[in-house]
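Dear colleague,

I am handing over the structure below, together with some notes on what turned up when I went through it. Please read them with the coordinates open beside you.

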Amino acid sequence: MSPRDVILVPLDGSDLAERAVTVAAALASRRGSALRLVHVHRPVSADPIHVEGLPVFDEHLRPLGRNHEQAYLEGVRDRLAVGVRTSVALLDGPPAPALADDARANGAALIVMTAQGRGGIERALLGSVADQLVRISAVPVLLVRNGRGAPPSHFRRIVVPLDGSPLSERILEHAQSLAHSDPPAELVLVNVVQPRPRGQWVGNAPIEGSTAPHEENARRYLDGVARRLTAVGARVQTSVLVSSDVASAVLNFARDEHADVIALATHGRSGLKRLALGSVADSVLRATTTPVLVLRPCGSQGVETLRSGLAS
């Protein structure tokens, strides 16, 4: 990673949101990156406060709010360990587009945020800041889960589901960056083969129930990807799973393998044009307590669409 790389950390003033700071600071220290702590300012309503039935406008509340938010960010920065270059900034506008724009404008390589904050984002729900950001950001987003105990600051195993498509492989370079440590984390490449039930026909030929040929194809595919990664120094394992429920197979595998992160792209062979309800990526995000690294290739194309929708 270049020393100029920036890790963006959105904060909302809650302790839960600050769980992401520990993870981001550890990553920044190992990668030689700078931290950028940001808060999206929500202006005081222009509507008057009513006192004894009379409207009262208090223009002093607006600058006081910004000063308080700036002081909060500076306080979080000052509590960080010496050695991590950190800047702070207040942003304006709808939260998700403001965060995506700031990440792009400042050359962020990664956004790290807690998947639950003051807005109650316990899951990647449609309409939430986390969900909107994942769908529009051209920068990968690492979602740190809300759970008991301290979030992991060192990753040992990163599970990477792949479906054989070039789009699904776009997550690999970002997973490698996340694995950068001493010793480096191990990347576990996973492909899920879905069995076809006996009795189905394609044209005039019956579909056989055995998945063995598909499993062999999956192994060859993963071995080829693994060779490319090991050639550049990555530690890699591969695993082929058989299941009719891809998301559950990935979740169970990550749990059984004690994965520290699940890394996946939201586009793949199944054609996920967005983080749609019922998709593999969405199911994983909703169900897991493991941190998830999410990339939506070409995600920035949706910023203006989302901004227009919020303004309408």
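Is D101 buried, partly exposed or exposed, judged by its relative accessibility? In this predicted model, D101 counts as partly exposed, at 22% relative accessibility. Its side chain meets that of R104 in a salt bridge (2.7 Å, N to O), and R104 is likewise partly exposed, with a relative accessible area of 46%. The two residues are three apart in helix α3 (residues 95–105), and are therefore separated by about one helical turn.

A search of the whole structure finds 13 salt bridges, among them two that reach across the sequence. R79 and E18 meet through their side chains at 2.9 Å, N to O; because R79 lies in helix α2 (residues 61–79) and E18 in the loop between β1 and α1 (19–31), this pair ties together parts that are 61 residues apart in sequence. Here R79 counts as exposed, at 57% relative accessibility, whereas E18 is buried at 17%. The side chains of R228 and E169 form another salt bridge (2.8 Å, N to O), which links helix α6 (residues 212–230) to the loop between β8 and α5 (172–179), parts that are 59 residues apart in sequence.

As for the fold, ten strands form an open sheet with mixed pairing, in the order β5-β2-β1-β6-β7-β14-β13-β8-β9-β12, and its edge strands, β5 (86–91) and β12 (235–242), each pair on one side only. Within this sheet, β1 (residues 6–10) and β2 (residues 34–40) pair in the parallel sense over five bridges.

Best regards

Conventions:
Residues numbered from 1 in each chain as written. Predicted model: local features only at pLDDT ≥ 70, side-chain atom pairs only at ≥ 80, totals over all residues. Heavy atoms only, no water. Pairing = 2+ DSSP bridges. Helix = DSSP H or I, 4+ residues; strand = E, 2+ residues; numbered from the N terminus. Salt bridge = Lys/Arg side-chain N within 4 Å of Asp/Glu carboxyl O. Buried < 20%, exposed > 50% of the residue type's maximum accessible area, 1.4 Å probe, protein only.
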